[in-house]
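Dear colleague,

I am passing a structure on to you with this email, and below it I set out what was found in it. Please have a look at it first, and then read on at your own pace.

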Amino acid sequence: MNCSRCRGLMVGTVLLDTGSSTDSFSGWQCLQCGEVIDPGITANRKHHLEPRRNGARPPGSLPAKAGGAKRKNMNI
Ligand SMILES: [Zn+2]
């Protein structure tokens with residue numbers, strides 16, 4: 001199996017669930033870049049939508065107005 005990022009060699013590995021000290025599952029890890037693939041990542045990527053090529057956002061997805069995060073002048 002080759003890495004989807006760098007085409008490096010991927011080897012089987014055992015991954016630990018960070019939320020539980022007892023759960024573990026098998027996955028793949030790239031020897032070159034460290035990319036990790038597990039069944040959850042694979043399932044999520046199948047459902048990932050391709051970005052629109054013209055850069056347009058879908059209707060109703062505009063971000064809320066940015067406010068309240070103004071940079072303070074810290075000159076003394
Ligand atoms: Zn890689």
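The notes below begin with the chain as a whole and then move to particular sites.

Please keep in mind throughout that this is a predicted model. The protein chain has one helix and three strands, and these elements, read from the N terminus on, follow the order β-β-β-α. Of its 76 residues, 12% count as buried, while the surface that the protein chain exposes comes to about 7100 Å², with carbon and sulfur atoms supplying 53% of that area. If one takes the contacts between residues at least 6 apart in sequence, 21% of them join residues at least 24 apart.

The metal site is a good place to start. Which protein atoms are the donors of the zinc ion? They are the SG atoms of Cys3, Cys6, Cys30 and Cys33, which lie 2.3 to 2.4 Å from the zinc ion. The angles among the four donor atoms run from 99 to 117°, and the site is tetrahedral. Along the chain, the donors follow the spacing C-x2-C-x23-C-x2-C. Two of these donors, Cys3 in the segment before β1 and Cys33 in the loop between β2 and β3, are 30 residues apart, and the pair links distant parts of the chain. As for accessibility, Cys3 counts as buried, with a relative accessibility of 0%, whereas Cys33 is partly exposed, with a relative accessible area of 36%.

The surroundings of Cys3 can be described a little further. Leaving aside the neighbours within four places in sequence, Cys3 is in contact with Gly8, Met10, Cys30, Cys33 and Glu35. Between Cys3 and Gly34, which are 31 residues apart in sequence, the distance from C-alpha to C-alpha is 9.2 Å.

Glu35, which appears among those contacts of Cys3, also takes part in the salt bridges. How many salt bridges does the count come to? The count is two. In one of them, the side chains of Arg5 and Glu35 meet with a distance of 3.0 Å from N to O. Arg5 lies in the segment before β1 (10–16) and Glu35 in the loop between β2 (24–30) and β3 (36–37), so this salt bridge ties together parts of the chain that are 30 residues apart in sequence. Is each partner buried or exposed? Arg5 is exposed, its relative accessible area being 59%, while Glu35 counts as buried because its relative accessibility of 9% falls under the 20% cut-off.

Glu35 also forms a salt bridge with Arg45, where the closest N and O atoms are 3.2 Å apart. Here too the pair links distant parts of the chain, since Arg45 belongs to helix α1 (residues 39–46) and Glu35 to the loop between β2 and β3, with their positions 10 residues apart in sequence. Arg45 is partly exposed, with a relative accessible area of 45%. Through salt bridges that share partners, Arg5, Glu35 and Arg45 are joined into one network.

Helix α1 also contains Gly40, which is partly exposed at a relative accessible area of 37%. Gly40 and Gly27 are 13 residues apart in sequence, and their C-alpha atoms are 9.5 Å apart in space.

On the surface, Leu9, Val11 and Leu31 make a nonpolar patch of about 270 Å². Of these residues, Val11 is found in strand β1, and Val11 is partly exposed, with a relative accessible area of 31%.

One point of backbone geometry remains. Most residues other than glycine have a negative phi. Arg7, although not a glycine, has a positive phi of about 65°. Arg7 is found in the segment before β1 and is exposed, with a relative accessible area of 62%.

If you would like a place to begin when you open the model, you might look at Cys3 and Glu35 together, as Cys3 is one of the donors of the zinc ion, Glu35 is joined with Arg5 and Arg45 in one network of salt bridges, and Cys3 and Glu35 are in contact.

With best wishes

Notes: Residues are numbered from 1 along each chain as its sequence is written. This is a predicted model: local features need pLDDT of at least 70, side-chain atom pairs count only at pLDDT 80 or more; totals for chains, interfaces and linings use all residues. Side-chain values use heavy atoms; hydrogens and water are left out. A salt bridge is a side-chain nitrogen of Lys or Arg within 4 Å of a carboxyl oxygen of Asp or Glu. Helices (H or I, at least four residues) and strands (E, at least two) are DSSP runs, numbered from the N terminus. Buried means under 20% relative accessible area, exposed over 50%, partly exposed in between (1.4 Å probe, protein chains only). Patches are made of residues with over 30% relative accessible area and no salt bridge: like charges are joined within 9 Å, nonpolar side chains (Val, Leu, Ile, Met, Phe, Trp, Tyr) within 5 Å. Accessible areas come from the Shrake-Rupley method with a 1.4 Å probe; for residues, only the protein chains shown count as cover. Donors are N, O and S atoms within 2.8 Å of the metal (3.2 Å for Na, K and Ca); water is not among the atoms, so sites may look incomplete. Four donors count as tetrahedral if all angles lie between 85 and 135 degrees; four count as square planar and six as octahedral if opposite donors are over 155 degrees apart and all others between 65 and 115; anything else is irregular. Contact means heavy atoms within 4.5 Å.
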